[in-house]
Amino acid sequence: MKHLLCLFLLTLSLRAADRAPNIVFILADDLGYTDVACFGSKYYETPNIDKLAAQGMKLTRHHHCQNCQPTRAALMSGQYSPRTGVYTVGGIDRFGWESRPLRPVDNAQQLPLEKITIAQTMKQAGYTTGMFGKWHLGEKDACHPGQRGFDEAIVTMGKHFDFKTQPPVEYPKGEYLADFLTDKAVDFIQRHKDAPFFLYLPHFGVHSPHDAKDEITARFKDKPPVGGHHSPVYAAMIASVDESVGRIMATLNELKLADNTVLIFASDNGGVGGYAREGLKKAGDITDNAPLRSGKGSLYEGGTLVPFIVRWPGITKPGSSSEVPTIHVDLYPTFAEIGKATPPANQPLDGESLVPLFRDASASLKRDAIYQHFPGYLGAGENTWRTTPVGLIEEGDWKLMEFFEDGRLELYNLKDDIGEQKNLAAEQPEKTKELHAKMLAWREVIKAPMPTKNDQQTTAAPQKKGKGKKKKAD
């Protein structure tokens, strides 16, 4: 009998060792690169996120799109925007482009149904899949994440108190959205602890409206501002997201799942700051992305560089960091490799698995560059623009931007000039020519559509936001 018991325990141990890792992906909304203490803030307090970084690895050059919807489309499809048609939020008339030289490329407002999501791929590999929070890729019928590979899905965004969910879910009056979503995520982990799970927790925090719990806001009321970080309310919103990360970490520890769980934390785009420094507004930024240039809605680093942390016990070296340029489309093949999932046969994946970097921070990837393509406009107020149509390539320390209205090229060495203050295009003509040729070749391969000439250009046009409709979260 004793021999049989030992054999049974050994069998269980071997099964546990063979079990594919759980994957938990926590995505904040509008959290800037320096809005986290371990990425530079001296005002905001993020002890749990900092702890995660100390236990895992930081990717210090990870990029997402300039605003939320195209990032989410890229994460779910593994494809750059030209393949999904999702470049921004809403239709092209959301901002008054009529006064500009170009007509934007039409924008898809939901992820095309033919795209196979990472959730579908992980589910086929035997994972139980759950998603709680901001989906933003279509919420009705076949577009709902519950119909796109997630076994369990609750969608919500737009408000931090008195929020609505799809499908409708009851909750106590006065509950804060970040707490609600974390409750659902913790419950999901507890119910599915005995088999591999893929959990996607896309918070609405710290997106506007800037609302926080009073008791947390009070903690920052008398704290002196530091480096453009000054708002007690915004600090409290960050603290609630940080508490969520801490609760997820604690749950994994309590259930003895932490050692076999890949836990990733990131933000969907750059922070809502840097606009005053860029001259887009006189004052009033709720945060600042300094030393990065500009913020959300821009394709300068302040709009696309995001905090990224991964903890994979036994794989990532605690307290390590990688400076290799990475981007949103890398997450799909990364998750597929971790879960031993088969990528879709007829859906090209534009990224590369980051597992080699997770294993060795000094490793390199096979590809030589990452790209962005934005053939539209994002406004910042009447006749001011966070970005005009632009494309970019980042290779090593170099970043080249091409602005489509006039063909202007801007070249930056990000190692020496992370704030993108010195355009080296004239000083480095050969490097400029080399990178531009690569960007043009990539654009041709991916069939990236370009904005067209605006033959009806007006002398001035007020910026519009939804033509009287409720503004969508961007």
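Which residue stands opposite Phe-265 in β10? In this predicted model, the residue of β10 that faces Phe-265 is Ile-309, and the first of the close-up views below is built around the two strands concerned.

**View 1. Strands β8 and β10 within the open sheet of eight strands.** Strand β8, which covers residues 261–267, runs antiparallel to strand β10, residues 308–311, and four bridges join the two. Phe-265 and Ile-309 stand opposite each other across this pairing. Helix α8, spanning residues 232–254, packs on the sheet and touches β1 (22–28), β7 (197–202), β8 and β10, while its direction makes about 175 degrees with that of β8.

**View 2. The whole open sheet of eight strands, with mixed pairing.** The strands follow the order β6-β5-β7-β1-β8-β10-β2-β11. At the edges are β6 (152–155) and β11 (320–322), each of which pairs on one side only. With direction ignored, neighbouring strands of this sheet are turned by 15 degrees against each other on average.

**View 3. The packing of helix α2 against helix α8.** Helix α2, which comprises residues 47–55, packs with α8 at an angle of about 50 degrees, and the axes of the two helices are 7 Å apart. Because angles from 35 to 65 degrees fall outside the roughly parallel and roughly perpendicular ranges, α2 is oblique to α8. On the α2 side the contact is made by Pro-47, Asn-48, Ile-49, Lys-51, Leu-52 and Gln-55, and on the α8 side by Asp-242, Glu-243, Val-245, Gly-246 and Met-249. Sorted by class, the residues in the contact of α2 with α8 are five nonpolar, three polar and three charged.

**View 4. The open sheet of four strands and helix α13.** The order of the strands is β13-β16-β17-β18, and their pairing is antiparallel. The edge strands, β13 (370–374) and β18 (408–413), each pair on one side only, and the twist from one strand to the next averages 10 degrees. Strand β17, residues 398–403, runs antiparallel to β18 and is joined to it by six bridges; within β18, Glu-410 is the residue opposite Met-401. Helix α13, residues 429–446, lies across β13, β16 (390–395), β17 and β18, and runs at about 65 degrees to β17.

**View 5. The largest cavity of the structure.** The structure holds four cavities of 30 Å³ or more, and about 130 Å³ of space lies in the largest cavity. This cavity is lined by 17 residues, of which Thr-88, Gly-91, Ile-92, Gly-376 and Tyr-377 are the closest to its centre. Its lining divides into eleven nonpolar residues, five polar residues and one charged residue.

**View 6. The second largest cavity and its lining.** The volume of the second largest cavity is about 60 Å³. The lining consists of Cys-65, Gln-66, Pro-70, Tyr-80, Ser-81, Pro-82, Tyr-87, His-328, Gln-372, His-373, Phe-374 and Trp-442. Both α4 (81–84) and β13 supply at least two residues of this lining, and the largest share, three residues, comes from β13. By class, the lining of the second largest cavity has seven nonpolar and five polar residues, and no charged ones.

Note on methods:
Residues are numbered from 1 along each chain as its sequence is written. This is a predicted model: local features need pLDDT of at least 70, side-chain atom pairs count only at pLDDT 80 or more; totals for chains, interfaces and linings use all residues. Side-chain values use heavy atoms; hydrogens and water are left out. Two strands pair if DSSP finds at least two bridges between them. Axes are lines fitted to C-alpha atoms, for helices over the stretch in contact, and angles run from 0 to 180 degrees between N-to-C directions. Contact means heavy atoms within 4.5 Å. Angles under 35 degrees count as roughly parallel, over 145 as roughly antiparallel, 65 to 115 as roughly perpendicular and the rest as oblique. Ala, Val, Leu, Ile, Met, Phe, Trp, Tyr, Cys and Pro count as nonpolar, Asp, Glu, Lys and Arg as charged, and the others, Gly among them, as polar. On a 1 Å grid over the protein atoms alone, a cavity is a set of points where a 1.4 Å probe fits but cannot get out, and a pocket is an open set with protein on both sides within 12 Å along at least five of seven lines; lining residues have an atom within 4 Å of a point. Grid points are joined across faces, edges and corners, and a volume is the space filled by probe spheres set on the points.
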